[in-house]
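Biologist: Could you take one part of this protein chain and walk me through it slowly, as you would for someone in a first year of study? I would like to see how the strands of an open sheet are arranged, and where that sheet sits in the wider picture.

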Amino acid sequence: MTSPDRSPRLVPVSCETPQGEPDGVHLSLMRWLPQIGEWVTGPALCGQSATQGALTDDTPVTCTGHAGSCEAYRDAYQRSIDGRPTAQQEQIDALRAEVDRLTAELEAAHTARLNEPILRHCVAPGCLHEYDINATLCGRTPERPTWSGKGWLMVRPLDGDICPDHAHLVGVTVAPGPHLPRWQYGDNDAPSTLRCACGWASPPVRWRRYATEAWKNHILDLPEQP
Ligand SMILES: [Zn+2]
Ligand SMILES: [Zn+2]
Ligand SMILES: [Zn+2]
């Protein structure tokens, strides 16, 4: 046999005016008093003194609808009886969870931003090859296999990169190719010239990119197309 439930609970109680007139139905905490072996009710939650004894559970509570009413206190009392966190604590926990969620979201966005592909195109004219310099420098596998940096060369005089298919134009790291250009800088602010080992030279330039474009034009003019 299980022992009867003797935990305190909220019950409807009636109150009276000092003149003994009925003054509504309120809520009170009913406790079991082992000393006398009986359930007893206390004052109403709103502070009014109440008639001893609980009304039936389905009696509608009339002390409601305003701050400080019995109904306004019901939730806080019931949480305490149930051993649940207060409404405020629950709100704090929910806010903390929201902060955690937003922090994770922000971190994910930050990581995605850091890992965003940065594509570099081949400097050979008409070539559509590209690679992800961000993934390559960070040692990550790029999002697409065609964005691999394997075999690409940086061509500093051209401020560009060249794909494996065209790397022979400028040569590999050990041996310079026929069209690896070098800058011949003009003295005293005179224009500079970009020159190939093959003998080609750009027009005298003041704007670096102009020479790069001239070099591309030279590559297109080669008898063997790149
Ligand atoms: Zn009340
Ligand atoms: Zn290429
Ligand atoms: Zn050349």
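Modeller: What follows looks at the open sheet and then at the chain around it. Please keep in mind throughout that this is a predicted model. The open sheet is built from three strands, which lie in the order 1-2-3 and pair in the antiparallel sense. Its edges are strand 1, covering residues 9-16, and strand 3, covering residues 38-44, and each of these pairs on one side only. From one strand to the next, the twist averages 40 degrees. As a general point, the strands of a sheet pair through backbone hydrogen bonds, and the pairing can be either parallel or antiparallel. Strand 2, which runs over residues 22-33, pairs with strand 3 in the antiparallel sense, and five bridges join the two. To see this pairing at a single position, find Ser28, which stands opposite Ala44 in strand 3.

Turning to the wider picture, the protein chain holds five helices and nine strands, and from the N terminus its elements run β-β-β-α-α-β-β-α-β-β-α-β-β-α. The chain is divided into domain 1, residues 9-82, and domain 2, residues 119-221, and the C-alpha centres of these two domains lie 87 Å apart. For the chain as a whole, the radius of gyration is 42 Å, whereas a compact globule of 226 residues would have one near 17 Å. Along the principal axes, the C-alpha atoms fill a box of roughly 120 × 50 × 25 Å. Of the 226 residues, 19% count as buried.

Notes. Residues numbered from 1 in each chain as written. Chains lettered and ligands numbered in written order. Predicted model: local features only at pLDDT ≥ 70, side-chain atom pairs only at ≥ 80, totals over all residues. Helix = DSSP H or I, 4+ residues; strand = E, 2+ residues; numbered from the N terminus. Rg over C-alpha atoms; globule rule 2.2 N^0.38 Å. Buried ≥ 20, exposed ≤ 12 C-beta atoms within 10 Å, placed from the backbone. Domains from an automatic or database assignment. Pairing = 2+ DSSP bridges. Axes fitted to C-alpha atoms, helices over the stretch in contact; angles between N-to-C directions.
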